[in-house]
Amino acid sequence: MKKPISIKLNGSVRAVEIEPSDILLDVLREKLGVKSPKIGCERGDCGVCTVIMNGRTVRSCLVLAIEADGAAITTIEGLQADGPTPLQQSFIKNNSFQCGFCAPGMVLSATELLAKNPDPDEEEIKEAISGNLCRCTGYEPIIKAIREVARNAPKSSRGKRR
Amino acid sequence: MSDPFKFVGTDAQRIDGVDKVTGAAQYVDDLDFGPNLLHAEIVESPHAHAEIVSINTSAAEKVPGVVKVVTGKDFPYTFGLYMQDRYIFAKDRVRFVGEQVAAVIARDPKTAKRAAALVKVKYKPLPFVLDLKEALSSHASLVHPNLANYRHVPWFFPREKTNIAHWRKTRKGDVEKGFAEADVILEDTYTVPRYAHCAIEPHVIVGLYDLAGRLTLWSASQSPYTQRNVFAEAIAPFGLTHKDVRVITPYVGGGFGGKAGVSMEILGVALALAVKGSPVKVRWTRAQEFYNTYQRQGVIAHIKLGAKRDGTITAIDHTLHWDAGAYVEYGANVVNAVGLSATGPYRVPNVKIDSLCIYTNLPPGGPYRGFGYSEFGFGLESHMNRIAQKIGMDPVAFRRKNAIKEGDTLAYGAEMNPSGLHEAIDRVAAEVEWGRKEESENPNEVIGKGFACFWKAPAMPPNAASAAFLKFNEDGSVNLTVSGMEIGQGFLTVMAQIAAEVLTVPVSKIRVELPDTDRNAYEWQTVGSHVTWGCGNAVRAAATEAREKMLETVHRALGFEKKDLYLENEMVKCRTKPDFALPFKSFVINGIQTSHGNFLGGPILASGMFMPEFTSATGDPETSQGGHPNVHYTVGAAAVKLAVDKATGKMRVLKAVLGVDVGKAINPDLVRGQVTGGLLQGFATALYEDIRYSKQGKLLNPNFTDYKIPTAKDTPVEIVPIIIEVAQPDGPFGARGVGEHTMIPTAPIIANAVEDAVGVRIKTMPVTAEKVLLALKGIDYDDVKGDTMGLCFMDKAENYKFNVGAAKGK
């Protein structure tokens, strides 16, 4: 029993037919062609499927696609209309990632953090990304890059998402 | 001393950074194969050991959307890297819970899953062995009754009609005499359980056997060429040769050894052959990732160490029994590597090492970052502290006194390579303020410090080779193709830096391409922390060949003497003609026009190759003397400052220091990345990662809820990496490998710091808060640990006293 839904995905309205049991992550990857949210554990533990739904990060493996009907979803592809954001540039500059599999989810969690709290301290950064597992880096270069971009942002632009 | 290099030794930005941070990086599961892509679900054994009586697939085959159901009858072949003891599908018997018995291929994953539940397998349960003592007993059930008939590398020594798959013996000097000379002898047993790699990307493979008979695999792997070789050998009965098999490896989401060799990928090969013309995907769930790839092997290590009153080590007798699981095609080489190196980085005149690879009915063991050195390091480096205490010597001074030096004789008779071990010991001790007692502001917390040395050599066949192809583009940029794998360590960037240094082309103008066995040059596999060294040498050779060709072209076209020509800033220059500067882009494709109007030269292409020609695996089976199995050791030291809460047993890492001799840091920032990453991964194994099996051999915690890996909140307060550079003479710009090493010392520094802080010695990993608190209350964890075996052993550690001499078999 297919059902049509519509998602505002990275700024474009996308219509898609789904089964009521379909998971948002699978619909994004298989039906809408957005591959940056990854499949890591399928039970909400690892955070590689993170997307921003209506302004908040969610684990798209724990969301039914039907719940996203009418929602605005941002994946990492949608962050960078004008090229990599200052946060992404800081990650690139700091060699923050190794294998990179956790990077899309990590970028989105950190983006959400900076939108809500433009100048987080180290503990706040750790708390914000603690749902995104990284097995390679020991997190240190990721935390450093987030701190750097928070510190360097001009006061007036802090809190704005690009 | 000023560094003569422009690109080597700099913190170059990763050349894969933009791909990964923008989401452009594609991993196997991200590749599109169109609507004809099929999906597989695996039918798994619920038994640790059983005969397969019958398999009925008829109900599954009737489900609409099912394309094919495959069983062991369709693929009665074995495979394996060092020993061919593994089956594509379990054929007559299953040997661990979760082993593949059959597969359902369907149009979509949900249908495959539903149909797999309808495959009826009738089993006759057999006695199983989970415990090492049981596995070695005279009445033990044999995991592989057919062991004597398996093909294996010549340096393995299986014992037929036993569960001993390999026994590496190393003998040097006279241990009895050594112990007689000792003033102090300490003997004890240490145990290390299994661990899981937990790369965040699960294993996945897509196979396509096309209508022309060409087999292509897209594989999340560290080992594209080794996979091609193992695949081609396993399916030779189908008439495919190496040129018909192609392995493509896009970005891979972490490896740590778990994606080395061939594990579940063999299923992608078999299933592709079963559905000619359609691509088929096998993607592991997180649970399968835990129980059906490789796990780090458990070990029970019995150490007897003798030392003189002045701190000189006189002898070591180190016996290691490894729980290698149901198949040891790769894991037996971990056992082998340890059998050669379990002295640790110390000068020991009299050595007896027995390293035994033992089959059990648990998931297959295999390589994991450190390749056995983490496992034996826990016991050995704990023991080093304890014997130092016994003779009343500072544990750092004791290590320093015995630390191995260049030219010292190794356990197997070869000479030690150049080493900065003493520098590492001194600088790490200074950084952690060794000897200074520190106090916590929290009255419940006690601060202790722990110290350990480490070493590791790549474990490779003696002829493991690397190769590289390099070509220039019209604008003077470079494409480099190698088959070392970017598993996160920064391999691509380091290869670009090496080529950049030779060619004077900036790193940003060099693209290093991910492996495709049809196109890229050969690499054995990306394991053992050897690719910076081995593949780096190949890349350096390729770049040098390209340089020679460029100089030759200029010489032929313009008449300059080759000896006067050199490269600088992407131009060919001439020492005798200072105003001459020919940009690469003017000639590296189209050649140089002569005074006659014709062109000389053409596209600049080059190749490079490296194989260590001095190694051999011909050591005597009874002593290991006579061969040269290891290329070199990377050495170092590490220390931790640890706060232990006396009320809860909880521990916090306040400061971790790790000094490692990398020969030459091609990219210091990437070395620091290996230190921070390896330390955290290691601390997790030391403190809380804790695998549990039921007494029927079923893994109880195959997920991140119940098997905790570190989050951002579990990081040490401070990490200090120390890079030491004592050049490796045969390394590219002096480099030797680093990657695995940073994880190796983590467990013993924790155990040693716990003892320093609160006076209890934990001899079983992990050193959990629970164990520390129980020990503080005088309770032995082994008395209360309960029913789920976290280990390769169910009894108390001290009850595993194996008499190696008496083990049965020839």
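Start by selecting A:Gly47, which in this predicted model sits in the loop that runs between α1 (24-31) and β3 (50-53) of chain A. Is A:Gly47 buried or exposed? With 27 other C-beta atoms within 10 Å, A:Gly47 is buried, because the cut-off for that class is 20 or more. Now add the residues that A:Gly47 touches, leaving aside those up to four places away in sequence: they are A:Arg59, A:Gly105, A:Ser109, A:Gly131, A:Asn132 and A:Leu133. A further pair to mark with a distance label is A:Gly47 and A:Met106, which are 59 residues apart along the chain, while their C-alpha atoms are separated by 7.9 Å.

Next, colour chain A by domain, using 3-78 for domain 1 and 80-157 for domain 2. The centres of domain 1 and domain 2 of chain A, taken over C-alpha atoms, are separated by 21 Å, and the contact draws 13 residues from domain 1 and 11 residues from domain 2 of chain A. On the side of domain 1 of chain A that touches domain 2, the elements giving two or more residues are β3 and β4 (56-59) of chain A, and β3(A) gives the most, with 3 residues. By class, that side of domain 1 of chain A holds 7 nonpolar, 4 polar and 2 charged residues.

From here, bring chain B into view and select the interface between the chains, where 42 residues of chain A are in contact with 44 residues of chain B. Which elements give two or more residues to the side of chain A that touches chain B? They are the helices α2 (86-93), α3 (103-116), α4 (122-129) and α5 (140-152) of chain A, and among these α2(A) gives the most, with 4 residues. Coloured by class, the side of chain A that touches chain B shows 21 nonpolar, 10 polar and 11 charged residues.

Move on to chain B alone, whose domain assignment needs selections made of several segments: domain 1 is 17-25 + 464-610, domain 2 is 31-126 + 203-283, and domain 3 is 165-196 + 295-460 + 618-799. The centres of domain 1 and domain 2 of chain B lie 39 Å apart, taken over C-alpha atoms, and their contact takes 17 residues from domain 1 and 17 residues from domain 2 of chain B. The side of domain 1 of chain B that touches domain 2 has 8 nonpolar, 5 polar and 4 charged residues by class.

Now select strand β21 (residues 466-472) of chain B, a mostly covered strand in which 6 of the 7 residues are buried. Strand β21(B) is joined to strand β29 (residues 605-610) of chain B by 6 bridges, and the two run antiparallel; to check the register, look at B:Leu470, whose bridge partner in β29(B) is B:Ala606. Strand β21(B) also pairs with strand β22 (residues 478-482) of chain B, again in the antiparallel sense, over 5 bridges, and here B:Lys471 stands opposite B:Asn479 of β22(B). The hairpin of β21(B) and β22(B) has 5 residues between the strands, and within this hairpin B:Gly476 takes a positive phi near 90°.

The next stop is an open sheet of 3 strands in chain B, with the order β24-β25-β26 and antiparallel pairing. Why is one side of β24 (565-568) and of β26 (581-583) of chain B left without a neighbour in the sheet? Both strands stand at the edges and each has a single partner strand, so one side of each is left open in this way. From one strand to the next the twist averages 30°. Strand β25 (residues 571-574) of chain B is joined to β26(B) by 3 antiparallel bridges, with B:Lys573 and B:Ala581 as bridge partners. Add helix α14 (residues 531-558) of chain B, which lies across β24, β25 and β26 of chain B and runs at about 125° to β24(B).

Finish with helix α10 (residues 373-390) and helix α11 (residues 395-402) of chain B, which pack at an angle of about 105° with their axes 9 Å apart. That angle makes α10(B) roughly perpendicular to α11(B). To show the contact as sticks, select B:Met384, B:Asn385 and B:Ala388 of α10(B) together with B:Pro395, B:Phe398 and B:Arg399 of α11(B); by class, these are 4 nonpolar, 1 polar and 1 charged residues.

Definitions and conventions. Residues numbered from 1 in each chain as written. Chains lettered and ligands numbered in written order. Predicted model: local features only at pLDDT ≥ 70, side-chain atom pairs only at ≥ 80, totals over all residues. Buried ≥ 20, exposed ≤ 12 C-beta atoms within 10 Å, placed from the backbone. Pairing = 2+ DSSP bridges. Contact = placed C-beta atoms within 7 Å. Axes fitted to C-alpha atoms, helices over the stretch in contact; angles between N-to-C directions. Parallel < 35°, antiparallel > 145°, perpendicular 65-115°, else oblique. Nonpolar A, V, L, I, M, F, W, Y, C, P; charged D, E, K, R; others polar. Domains from an automatic or database assignment.
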